[in-house]
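I opened my notebook to look up a few things and keep them in order. Come along and check each entry with me.

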2 protein chains.
Amino acid sequence: MRHPEAMNDQQPGQDATDSLEPAKAGVSSRRIADYLRTAILNGELAPGTRLRQEEIAERLGSSRIPVREALRMVEADGLVTVKSYSGARVAKLDFNEFDTAYRIRERIDPLALTLSLQEITDEDVARLEALQTEVEETTSPDRFVALDRQFHLATYTGCTDKQLLATVTRFWNTTQHYRRAYAQLIDDRGRSIITYEHRLLIDAIHRRDPVDAERFLSGHIRRTRITLAEHPELFD
Amino acid sequence: MRHPEAMNDQQPGQDATDSLEPAKAGVSSRRIADYLRTAILNGELAPGTRLRQEEIAERLGSSRIPVREALRMVEADGLVTVKSYSGARVAKLDFNEFDTAYRIRERIDPLALTLSLQEITDEDVARLEALQTEVEETTSPDRFVALDRQFHLATYTGCTDKQLLATVTRFWNTTQHYRRAYAQLIDDRGRSIITYEHRLLIDAIHRRDPVDAERFLSGHIRRTRITLAEHPELFD
DNA sequence: CAGCTTGCGATTGTGTCCAATCGTCAGTAG
DNA sequence: CTACTGACGATTGGACACAATCGCAAGCTG
């Protein structure tokens with residue numbers, strides 16, 4: 001399997017070693033951008049948190065210049081918003097933005113999956129099943145979120161298009177906060193629905209059936225959106 | 001009508017005054033990014049062109065720092081690629097990337113249109129018809145490309161979601177080069193097909209019919225992709 | 001002559017200093 | 001007491017100087 005852990009928009013050249021820590025090598029601005037992305041996705045930096053350039057620079061042992069470039073990159077990812085002379089803050093999606101992000105995912109994730117089916121190997125499918133077993137067994141909400149994410153991104157292993165993967169990942173990222181919050185309050189019934197849908201999805205992938213795969217996936221994402229929308233307390 | 005000319009990812013606050021020139025106000029890095037985007041989309045900077053920081057800085061009367069931030073932003077737009085210690089170049093899409101970009105557009109442009117229909121006014125529709133008349137009347141390929149782009153983006157006037165518009169615009173941008181090249185060799189038959197499809201689209205928008213609007217639009221984009229793919233000479 | 005090595009020039013990456021701008025909080029007038 | 005105003009501090013934006021890295025070409029070696 002290729003890159004199940006492509007959480008960040010890694011540039012070609014460096015592998016996403018399986019760690020949750022940002023890469024240690026390469027140019028500062030990219031390392032800093034990775035650090036920020038990881039911290040935001042992990043929830044260490046909550047939405048709305050102010051990001052002061054000097055503080056980040058000091059913490060990572062560099063000067064403000066690479067930090068500023070990193071902030072521009074992460075801004076383009078939609079994870080922070082930068083206002084002139086006012087500073088950067090961790091981005092916060094309101095309900096409408098959340099809703100639209102999910103509707104976008106309902107359309108492009110299935111495309112990535114269809115393209116992935118053309119290249120996916122039996123080993124990839126076996127890895128998917130193993131991941132899904134882990135998803136089902138874990139009891140930790142944080143670990144569930146991470147594994148669920150790994151599982152879905154792993155279904156796109158066979159998709160080779162950088163732009164599409166970057167776009168798919170982008171909307172996974174901007175909505176990550178809400179999945180994390182939801183995982184804290186999901187019940188057994190919700191878990192079993194997810195399990196059922198994932199198993200259907202794996203089966204369609206195993207059969208290399210793009211129609212079923214797309215149908216199951218878009219339905220899965222749609223139901224997730226609807227379920228999340230039923231919890232208004234997640235949106236301030 | 002709101003922002004028919006939203007070619008670049010304008011940040012909130014500054015209006016996209018109808019000019020083709022980048023904005024003159026605001027922070028340097030954004031102005032420079034706008035300049036680069038506009039120059040690339042106009043074809044003044046051909047794919048593969050090397051972008052040296054100092055040259056850009058000198059031309060725009062600033063130092064390299066804001067240029068570097070601008071390059072990071074435009075890199076995130078997919079319009080340039082930056083390699084460490086090696087420099088930035090205007091991005092070039094190969095055939096597969098072109099194909100995928102269009103398939104993405106076939107899925108998300110209709111979504112933007114459907115969301116737009118909920119807010120679009122009769123004045124907006126009238127503006128669309130006027131634009132389409134201009135499209136039909138022009139004989140200049142360059143002007144045709146610009147007007148066709150304006151027309152389509154104008155159909156998304158009612159879509160208020162920034163992320164979606166930014167994503168839609170992104171793929172318009174990365175594929176702009178091929179539309180420009182194709183416009184040079186399009187024939188009357190091609191033009192009349194486009195006219196017909198645009199008129200159908202306007203009618204569906206006028207009726208606020210999301211099903212027809214999406215069907216016509218995705219078909220229009222799909223046929224454009226297929227037509228472009230029939231000209232391998234466009235891809236090196 | 002081919003292939004490798006090395007050194008130089010060009011270009012990018014980073015650190016430091018100064019200028020521009022924004023938010024806030026006193027202070028004052030109404 | 002409220003609303004406005006102005007000045008100050010904090011923070012970001014920009015310019016310059018220097019270090020790090022890469023690509024290429026000249027030169028050496030077999």
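My entries below cover a DNA strand first and a pair of helices after that.

**Ground rules.** I am working with a predicted model, where local features need pLDDT of at least 70, side-chain atom pairs count only at pLDDT 80 or more, and totals for chains, interfaces and linings use all residues. Residues are numbered from 1 along each chain as its sequence is written, chains are lettered from A and ligands numbered from 1 in the order in which they are written, and side-chain values use heavy atoms, with hydrogens and water left out.

**DNA strand C.** I looked up the 18 residues around this strand, and Ser28(A), Ser63(A), Arg52(B), Arg64(B) and Arg68(B) come nearest. A residue is near the strand if one of its heavy atoms lies within 4 Å of it. I sorted these residues into seven nonpolar, six polar and five charged. Here Ala, Val, Leu, Ile, Met, Phe, Trp, Tyr, Cys and Pro count as nonpolar, Asp, Glu, Lys and Arg as charged, and the others, Gly among them, as polar.

**Which part of the strand?** Of its atoms within 4 Å of the protein, 75% belong to sugar or phosphate and the rest to bases. I found a backbone N or O atom of Ser63(A) 2.7 Å from a phosphate oxygen, while a polar side-chain atom of Arg64(B) lies 2.8 Å from a base nitrogen.

**Two helices.** In chain A, I saw α5 (residues 122–137) and α8 (residues 188–206) pack at about 175 degrees, their axes 11 Å apart. That makes α5(A) roughly antiparallel to α8(A), a label for angles over 145 degrees. Axes are lines fitted to C-alpha atoms over the stretch in contact, and angles run from 0 to 180 degrees between N-to-C directions. Contact means heavy atoms within 4.5 Å. Helices are DSSP runs (H or I, at least four residues), numbered from the N terminus.

Key. Polar contact = N/O pair within 3.5 Å; in protein donor to acceptor, adjacent residues only side chain to side chain. Parallel < 35°, antiparallel > 145°, perpendicular 65-115°, else oblique.
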